[in-house]
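Thank you all for coming; I would like to walk through one model this morning, going from a charged pair to the nonpolar parts. Please keep the structure in view while I talk.

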Amino acid sequence: MAAVVERVLAGLDEDLLEYVTGLCEDTDDDSDLAEAVAAFCLSSELCEEEDDAEAKAQELLKALGRGASKPVEAPKPPSPKAQKPRAPSAALAAAKSVFTEAPKPPVAPVQQTTRAPVKEKKPKKAPKRVDDKNSVANKKMRLEAEMEAARIKACRARWAQGAHKGAIEAKNFSLPNPGGGVDL
């Protein structure tokens, strides 16, 4: 199989050839295989157009004996012993009814127009009151107000004193190396 893939997809990278060979062995669905091979042909620039890539994929399927070129097996006719013979009177009655009855006009299927019962909507719960000191909404509101006050204070300090242009000193410390080895 690898030789067939290499012959049809000549010019493809060795790793991709190996991968496509594995796909051919593992994939049972020919349309999925053709789609994957076409994508590899496009991404590796073996083919410049999508139509060329699809043709290359179909060529590979044909060379492998898969896809549309797969031989179609005709269903075997049932053995004559398996068929039950009809009673002559039933066959005769069926033939007479075909020729004696007037053709019936086609009947359009009737669509049902019933709707599902409408569910009653439950009223929404009333929002929690902010008045309660222990409510989550009150705590959240107080925290947001405190954060906003801290932002305003920091902006005013920066405006009054200017940006910090000095160095910040820190005592010696070691930082463990995340990849192992000597500390940074």
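R151 is partly exposed, with a relative accessible area of 47%, and I should say at once that we are looking at a predicted model. Its partner in a salt bridge is E148, with the closest N and O atoms 2.7 Å apart, and E148 is likewise partly exposed, at 40% relative accessibility. Both R151 and E148 belong to helix α6, which covers residues 136-161, and they are three residues apart, about one turn of the helix. The count of salt bridges in this model comes to one. As general background, side chains of opposite charge can pair when their charged atoms come close.

Let me turn to the interior. Which residues touch the most other members of the largest nonpolar core? That core has 21 residues, and the ones in question are V5, L9, V20, C24, V37 and L60. Two or more residues come from each of α1 (2-8), α2 (14-26), α3 (30-43) and α4 (50-64), and α3 gives the most, with six. If we take L9 and leave aside its neighbours within four places in sequence, its contacts are L17, V20, V37, C41, L46, K56 and L60.

Finally, the surface. F173, L175 and L184 form a nonpolar patch there, and together they have about 370 Å² of accessible area. L184 lies in the segment after α6, and because its relative accessible area is 62%, L184 counts as exposed.

Terms used. Residues numbered from 1 in each chain as written. Predicted model: local features only at pLDDT ≥ 70, side-chain atom pairs only at ≥ 80, totals over all residues. Heavy atoms only, no water. Salt bridge = Lys/Arg side-chain N within 4 Å of Asp/Glu carboxyl O. Helix = DSSP H or I, 4+ residues; strand = E, 2+ residues; numbered from the N terminus. Buried < 20%, exposed > 50% of the residue type's maximum accessible area, 1.4 Å probe, protein only. Core = buried A, V, L, I, M, F, W, Y, C linked by side-chain atoms within 4.5 Å. Contact = heavy atoms within 4.5 Å. Patch = residues over 30% accessible without salt bridge, like charges linked within 9 Å, V, L, I, M, F, W, Y side chains within 5 Å. Areas by Shrake-Rupley, 256 points an atom, 1.4 Å probe, with all protein chains shown as cover.
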